[in-house]
Number of protein chains: 4
Amino acid sequence: MPAESVPAARGPGRPRSSRTRTAILAAAVDLVTEGGLAALSMSSIAARAGVSRVTLYKWWSSPGAIVLDGLLDRSHSSIEHDPSASARDAIAAQMQALITLFTDDGPTAAAIRAVTARAESDAQLARDLREHWHRPRREVAADILRRGIRSGEVRPEIDVEATIDLLFAPIYHRLLVDHAPLGPELVDQLLALFNGFAEPAPRLTST
Amino acid sequence: MPAESVPAARGPGRPRSSRTRTAILAAAVDLVTEGGLAALSMSSIAARAGVSRVTLYKWWSSPGAIVLDGLLDRSHSSIEHDPSASARDAIAAQMQALITLFTDDGPTAAAIRAVTARAESDAQLARDLREHWHRPRREVAADILRRGIRSGEVRPEIDVEATIDLLFAPIYHRLLVDHAPLGPELVDQLLALFNGFAEPAPRLTST
Amino acid sequence: MPAESVPAARGPGRPRSSRTRTAILAAAVDLVTEGGLAALSMSSIAARAGVSRVTLYKWWSSPGAIVLDGLLDRSHSSIEHDPSASARDAIAAQMQALITLFTDDGPTAAAIRAVTARAESDAQLARDLREHWHRPRREVAADILRRGIRSGEVRPEIDVEATIDLLFAPIYHRLLVDHAPLGPELVDQLLALFNGFAEPAPRLTST
Amino acid sequence: MPAESVPAARGPGRPRSSRTRTAILAAAVDLVTEGGLAALSMSSIAARAGVSRVTLYKWWSSPGAIVLDGLLDRSHSSIEHDPSASARDAIAAQMQALITLFTDDGPTAAAIRAVTARAESDAQLARDLREHWHRPRREVAADILRRGIRSGEVRPEIDVEATIDLLFAPIYHRLLVDHAPLGPELVDQLLALFNGFAEPAPRLTST
DNA sequence: AAATAAGCGAGACGGTACGTCCTGTCTTAGC
DNA sequence: GCTAAGACAGGACGTACCGTCTCGCTTATTT
């Protein structure tokens with residue numbers, strides 16, 4: 001149930017109202033921001049958006065799917081990165097961007113928390129979350145790391161997937177469990193513990 | 001809503017049935033193992049345990065609280081460690097134990113997933129989960145690290161909290177998001193990326 | 001789904017609220033009086049009675065069943081008759097009573113119309129209507145006729161069932177189709193066309 | 001909403017498809033035969049007829065109106081009678097024809113039952129049913145009775161409307177309430193109880 | 001041949017009702 | 001005083017039909 005940008009081939013029949021779609025996504029994100037998952041139901045979204053419940057069921061299968069769509073709509077561009085930066089700076093920028101998103105953009109943080117929670121009992125939603133949120137972001141990070149390996153900035157023997165988990169999972173973990181504050185200093189704290197970047201000296205010998 | 005071990009002051013009236021408590025916790029864990037959060041409700045637990053719904057409300061405030069109680073009952077002993085081991089071995093053992101718990105003990109994995117999900121919209125449950133599950137385990141890890149610092153095995157400039165997140169969050173993240181398999185090899189993959197252990201010999205010999 | 005007068009054996013559990021039952025039956029009859037079948041739904045009855053829809057489903061299976069119950073509650077006594085009257089007078093009284101019920105008691109007329117209409121597509125309701133409304137009334141009429149036969153007032157060769165249809169069906173037909181006014185004069189008009197009563201002369205020869 | 005036989009003034013624009021009308025009426029009657037009123041909806045008729053719902057709304061206002069149209073289309077000719085027969089035979093023939101229609105022609109019986117039921121909450125449909133089904137049939141019966149009065153076969157003091165109800169209402173009543181079988185023997189049973197025919201010989205000889 | 005107009009299918013949409021399930025509370029009886 | 005049984009209001013679920021509203025295509029008549 002990802003966000004579709006194609007406006008459909010335009011056959012017969014009344015065309016889908018774009019105002020409706022927008023209102024629904026906004027209502028879902030607003031509700032989840034204010035009251036979390038508990039405030040989220042097909043009924044409450046429909047009421048808030050001024051829309052019929054049937055219209056919701058027509059296009060989405062669950063409240064979680066709507067929130068995920070709203071989430072993807074509002075933050076799809078955050079995964080870009082500067083190709084000229086060093087691997088370390090690029091990874092740090094990604095981590096920083098994620099933390100900023102979670103701390104400065106309340107709706108996004110609430111939406112991620114809610115969708116992750118709902119995914120526990122909704123396999124389709126779990127799949128969509130993985131495919132449309134985590135996978136693109138992990139691929140960007142993986143690209144950065146692989147480019148760093150090729151350029152000698154990153155040690156070639158690292159496990160890329162484990163590295164991404166090592167650096168990014170703590171951010172999600174703090175967002176979900178809230179056992180410690182989530183702030184910008186976390187980036188440096190984590191990177192200081194990571195030994196995947198090659199030291200200046202050995203870098204000359206590689207390549 | 002943590003597990004109470006004190007048998008209550010024993011006033012007048014019919015004493016609380018321990019058989020009932022056991023049956024309720026077992027029913028909750030069974031249900032969550034079979035069907036996740038979706039299968040879990042006060043009604044379904046009461047039906048499975050052969051108990052009145054009112055009894056549940058008398059002692060717990062939500063299905064999540066019951067599952068958490070069941071979870072704590074069945075795995076409270078898993079956080080012990082051998083004081084004679086090296087810091088690295090002790091940390092690795094903790095990580096390994098957690099992974100084993102999640103991969104070999106279906107009920108525990110299901111319960112953690114469910115309680116974490118429910119905690120998104122239940123502040124009290126979130127607090128109990130942090131206090132009774134995460135905090136004791138983090139304290140054990142913190143002890144190991146601090147002892148390592150004192151003995152010179154662990155670099156003293158590390159941030160202990162960030163270190164615990166770095167090493168354990170990936171395990172929870174894989175359990176929840178399921179983007180990559182959760183297996184015993186993850187321990188070595190993660191530790192290989194961690195530079196917090198002071199190494200007598202030059203790192204170049206590792207590989 | 002007939003009206004139960006037995007107050008149930010009184011076991012454990014909260015006893016059924018009699019106020020609720022009364023309010024539901026009244027609401028159903030009121031609604032059908034004001035707007036006919038179209039105004040009648042489980043939802044509208046529940047709203048009018050200030051009661052949860054679930055409570056309705058607990059005790060009745062359809063709006064029609066509720067109206068029938070209300071109907072039986074309000075007019076169960078109308079089928080009595082004076083055993084000392086002549087057969088002709090007793091039958092006339094029954095016919096008159098039915099017409100009066102339909103013309104003077106709007107709710108009853110509306111309820112009978114609605115239940116008969118709904119019975120077209122609800123076999124259980126049709127059965128209940130036959131058993132609890134029509135059958136008792138037909139039995140009273142049959143008793144009168146059979147007593148008349150024994151006393152010589154009624155010709156013995158008549159078909160009792162056909163006679164009851166002949167005399168009473170026109171009343172229901174006018175109520176339902178409304179092709180001609182339903183008034184007290186109909187009783188004499190119909191009886192004037194009926195030849196089932198024995199003439200005064202032959203009466204002496206019988207017995 | 002009666003059947004129009006005039007092919008319309010033929011203005012500009014695409015003419016109405018007669019195939020469509022036929023398919024719709026057939027679909028409505030089929031549905032009502034199979035499942036009664038409950039199976040009848042604008043949606044189900046449209047689906048069965050392979051037609052758009054909008055087309056239905058263009059020409060009819062309700063499912064009941066469609067069924068009535070279908071009913072009138074299929075049985076308009078059944079009210080003719082032989083002018084040379086006696087009044088008694090002619091009335092008996094009308095009664096017999098109605099019973100035969102209801103017992104041998106399932107679709108017609110189902111349609112009458114459904115339309116009568118729906119008419120309870122649809123004043124326009126009730127009017128159309130009276131005007132286009134009952135009134136023509138009652139007029140034929142009234143003609144027979146009035147001709148009988150003129151010829152001396154029928155007693156002049158009878159109330160014609162009441163007589164028609166007396167003889168025909170039982171047939172509709174049995175069709176709707178189904179409290180007793182509807183069969184050809186009913187005609188003689190009813191006529192034997194009717195004293196409206198002037199009899200030359202003394203009634204005692206009948207038996 | 002083009003313009004005009006109605007018939008008609010496809011599809012979106014708000015609204016209402018359906019019957020079911022779970023929640024949290026309350027009321028009774030029994031242990 | 002713990003517990004089971006049960007009644008109840010409230011609210012969400014997912015589905016069905018309602019009636020209305022665009023659309024775009026088709027089929028005819030009129031200019």
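Which residue has a side-chain N or O atom 2.6 Å from a phosphate oxygen of DNA strand E? In this predicted model, the residue is Thr55(A). The report below treats the DNA surface first and then two protein interfaces.

## Residues around DNA strand E

The surroundings of DNA strand E comprise 48 residues, of which Arg14(A), Lys58(A), Arg53(C), Thr55(D) and Lys58(D) come nearest. Of the strand atoms that come within 4 Å of the protein, 57% belong to sugar and phosphate. Sorted by class, the surface near DNA strand E consists of 18 nonpolar, 18 polar and 12 charged residues.

Several helices take part in this surface. At least two residues each come from α3 (53-59) of chain A, from α2 (42-49) and α3 (53-59) of chain B, from α2 (42-49) and α3 (53-59) of chain C, and from α3 (53-59) of chain D. The largest share, 5 residues, is supplied by α3(A).

## Polar contacts to the phosphates

Phosphate oxygens of DNA strand E are approached by both side-chain and backbone atoms. Through its side chain, Thr55(A) places an N or O atom 2.6 Å from a phosphate oxygen. Ser43(B) instead uses a backbone N or O atom, which lies 2.9 Å from a phosphate oxygen of the strand. For Ser43(C), a polar backbone atom is 2.7 Å from a phosphate oxygen of DNA strand E.

## The interface of chain A and chain B

Chain A and chain B each contribute 37 residues to their contact. About 3400 Å² is buried between the two chains, with 61% of that area on carbon and sulfur atoms. On the chain A side, the residues losing the most area to chain B are Glu120(A), Leu166(A) and Leu193(A), which together make up 21% of what that side buries.

Across this interface there are 2 salt bridges. Asp165(A) forms a salt bridge with Arg174(B), and the closest N and O atoms of this pair are 2.6 Å apart. Polar contacts across the interface of chain A and chain B join 18 residue pairs, with both residues at pLDDT 80 or more. The side of chain A that touches chain B draws at least two residues from each of α6 (106-119), α7 (123-151), α8 (160-177) and α9 (185-192). Among the contributors, α8(A) gives the largest share, 12 residues. By class, this side of chain A holds 18 nonpolar, 8 polar and 11 charged residues.

## The interface of chain C and chain D

Between chain C and chain D, the contact involves 37 residues of chain C and 35 residues of chain D. The buried area is about 3400 Å², and carbon and sulfur atoms provide 61% of it.

The interface of chain C and chain D contains 2 salt bridges. Asp165(C) forms a salt bridge with Arg174(D), in which the closest N and O atoms are 2.6 Å apart. There are also 18 residue pairs in polar contact between chain C and chain D, both residues being at pLDDT 80 or more. On the side of chain C that touches chain D, at least two residues come from each of α6 (106-119), α7 (123-151), α8 (160-177) and α9 (185-192). The largest share of this side, 12 residues, belongs to α8(C). Its class composition is 18 nonpolar, 8 polar and 11 charged residues.

Terms used: Residues are numbered from 1 along each chain as its sequence is written. Chains are lettered from A and ligands numbered from 1 in the order in which they are written. This is a predicted model: local features need pLDDT of at least 70, side-chain atom pairs count only at pLDDT 80 or more; totals for chains, interfaces and linings use all residues. Side-chain values use heavy atoms; hydrogens and water are left out. A residue is near a molecule or strand if one of its heavy atoms lies within 4 Å of it. A polar contact is a pair of N or O atoms within 3.5 Å; within protein, one must be able to donate a hydrogen and the other to accept it, and residues adjacent in sequence count only if both atoms are side-chain atoms. Helices (H or I, at least four residues) and strands (E, at least two) are DSSP runs, numbered from the N terminus. Ala, Val, Leu, Ile, Met, Phe, Trp, Tyr, Cys and Pro count as nonpolar, Asp, Glu, Lys and Arg as charged, and the others, Gly among them, as polar. Contact means heavy atoms within 4.5 Å. Buried area is the accessible area (1.4 Å probe) that two parts lose on being put together, summed over both. A salt bridge is a side-chain nitrogen of Lys or Arg within 4 Å of a carboxyl oxygen of Asp or Glu.
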